[in-house]
Amino acid sequence: MTREVGTGSAPADRSLLAFYRLQARLMWEWRPTRLAMVRRTVLSYLGACVALAITATFLPGLRIDGPGALLLAALLLLALDGSADIALQWLFVARPVFVAQILGLLVQVVAIIVAGRVVPGVGVDGDVTAVWGAVLLTLLNSLFAELVAVSDDDSYYGVLVRRLVARDFKRPREPNPALLVVQIDGLSLPVLDHAIRGGRVPALGRLLRDDGATLHPWIALLPPTTPASQAGILHGRNDGIAGFRWYEKASARLLVANHPDDAAEIVRRVSDGAGLLADDGASIGNLVTGDAPRSYLTMATIGEGAPADDGRRLRGFLAGSVNYLRLAVLMVGEMVKEQYQAERQRGRSVEPRMRRGLHYAVERAVTNIALRTVSTAFVIEEMYCGAPTIYVDYTGYDAISHHCGPEREEAIDALAGIDRAIGSLLKAARHTSRTYRLVVLSDHGQCLGATFRQR
């Protein structure tokens, strides 16, 4: 599937007014859906009530007399805090994160003092109580806010995009288009067609229906596995790759493509230094590198650590504790979901099926949640840095369909998650300094069958 995406719309007007106008536009473009906004508002209000009740319990100087006072005070604090948060994120997006956080804490102190004076039944004993109340409320509200918005990808990546736009606002537009290649690992054309007809992949469906993308079938040569196909795509040759894992008699060595040392050996054998990503490209989440100077989560280089010039990107994404919290909540939820779905397959006597234990639940959470989230963030950062070629591999669908079946609900849910990530990349491409041409491809397909042991 191929399509030119984004406008490479680096602004011609670089005034301060243009900067804030663009930031306001980005906040609007990355807003949640209407249903998500209603859900978030209701849950945020309930969370504010709980946070205020906990704070009043542990802070002797803060008194709340009755549920009516609690509900009214929580509403006032939520309104003031929410309005201030939007304004501060808009005004101080180009500053370090802690600037808006400190100002937000001051706003919370003022809001508590105001609530103590205007809300009947609420008492605040002095400014010290207001400060400690603001600290505790900020911590609790931040926790509840992350839990409420934990599945909202657009809001999550929208914050990253706005900060990248602020960082590179004066970056000149680059006239030459760039290439973004998204690999959906293990996806066959019939499964994709069925998912498009069923409305499960709306981003890909819109590309084909409204944006003029074209869909081309292809047949993977033997062996139809990720290392062979990906080596052919990224390095132009895949000689000697006998499968995903194979035993070599001459060296008495078992090579497994998703082991770092073996993946590095595969690259050593097929690379001539002129791979698809050799010209300042970026490899994200792949088995082989394509000779990219920058590789993230790529198996062949994962043991080497990040290059020296990539420390900023790693710190920019991983430093914030809210990212860890979000990933942890989503991964735990995915593991619980896996246990439930595995038990449901057993209860329904679905055949053929595999045993799916705790080890696989962890693997599913890593591939379908953590790697997809982190990979998408890295792609967005590389797009705003103007990388000429980016190749990212989303492995969540492949990992789940191997265990659950390529057309079953669990696998299609994973495919829908990858589609949401592609939608976020399409939206992020609107304001990069260069236009990106998008290619979405698969390395091989799958068909449902029993294991050799079951046969």
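How exposed or buried is R269? With a relative accessible area of 31%, R269 is partly exposed. Here is a set of close-ups from this predicted model, beginning with that residue.

**Figure 1. R269 and E265 form a salt bridge in helix α10.** The side chains of R269 and E265 come together with an N to O distance of 2.8 Å. The two residues sit 4 places apart in α10, a separation of about one helical turn. An α-helix has 3.6 residues a turn, so residues three or four places apart point the same way. The partners differ in their surroundings: R269 is partly exposed at 31%, whereas E265 is buried, with a relative accessible area of 12%.

**Figure 2. A buried salt bridge joins E338 to R356.** In this view the closest N and O atoms of E338 and R356 are 2.9 Å apart. E338 belongs to helix α12 (residues 321-347), while R356 lies in the loop between α12 and α13; the two are 18 residues apart, and their pairing links distant parts of the chain. Both ends are covered: E338 has a relative accessible area of 0%, and R356 has one of 4%. Look around the pair and you will find a wider network, in which salt bridges with shared partners connect E334, E338, R356, R364 and E410.

**Figure 3. R200 meets D413 across a long stretch of sequence.** This salt bridge brings the closest N and O atoms of R200 and D413 to 2.6 Å. R200 comes from the loop between α7 (189-197) and α8 (202-209) and D413 from helix α15 (residues 409-428), so the bridge ties together parts of the chain that lie 213 residues apart in sequence. R200 is partly exposed, its relative accessible area being 33%. For context, the whole structure contains 21 salt bridges.

**Figure 4. Helix α9 is mostly covered.** Of the 10 residues in α9 (226-235), 8 are buried. They are T226, P227, A228, S229, Q230, A231, L234 and H235. What do these buried residues pack against? Their neighbours are the strands β4 (178-184) and β9 (389-394), together with helix α10 (260-270). Follow the chain just past the end of α9 and you reach G236, which adopts a positive phi of about 80 degrees.

**Figure 5. The second largest pocket has a mixed lining.** This pocket holds about 1,500 Å³ of space. Its lining is made up of 43 residues, and those nearest the centre are F244, D398, A399, H402 and H403. Helices α13 (358-384) and α14 (396-404) each contribute at least two residues to the lining. By class, the lining comprises 17 nonpolar, 19 polar and 7 charged residues.

**Figure 6. S401 is a buried serine in helix α14.** S401 has a relative accessible area of 2%. Which backbone oxygens does its side chain reach? One belongs to Y397, at 2.8 Å, and another to D398, at 3.2 Å. Leaving aside residues up to four places away in sequence, S401 touches P406, A411 and Q446.

**Figure 7. The second largest cavity has a nonpolar lining.** Among the 3 cavities of 30 Å³ or more in the structure, the second largest encloses about 50 Å³. Its walls are formed by L52, L62, I64, A73, L77, I112, A115 and V122. The elements giving two or more residues to this lining are strand β2 (62-64) and the helices α3 (67-91) and α4 (97-118). The lining counts 8 nonpolar residues, with no polar and no charged ones.

**Figure 8. V135 and R455 are separated by 62 Å.** That distance runs between the C-alpha atoms of the two residues, which are 320 residues apart along the chain. V135 sits in helix α5 (residues 126-148). Is V135 buried or partly exposed? V135 is partly exposed, with a relative accessible area of 28%.

How values were computed
Residues are numbered from 1 along each chain as its sequence is written. This is a predicted model: local features need pLDDT of at least 70, side-chain atom pairs count only at pLDDT 80 or more; totals for chains, interfaces and linings use all residues. Side-chain values use heavy atoms; hydrogens and water are left out. Buried means under 20% relative accessible area, exposed over 50%, partly exposed in between (1.4 Å probe, protein chains only). Contact means heavy atoms within 4.5 Å. On a 1 Å grid over the protein atoms alone, a cavity is a set of points where a 1.4 Å probe fits but cannot get out, and a pocket is an open set with protein on both sides within 12 Å along at least five of seven lines; lining residues have an atom within 4 Å of a point. Grid points are joined across faces, edges and corners, and a volume is the space filled by probe spheres set on the points. Ala, Val, Leu, Ile, Met, Phe, Trp, Tyr, Cys and Pro count as nonpolar, Asp, Glu, Lys and Arg as charged, and the others, Gly among them, as polar. A salt bridge is a side-chain nitrogen of Lys or Arg within 4 Å of a carboxyl oxygen of Asp or Glu. A polar contact is a pair of N or O atoms within 3.5 Å; within protein, one must be able to donate a hydrogen and the other to accept it, and residues adjacent in sequence count only if both atoms are side-chain atoms.
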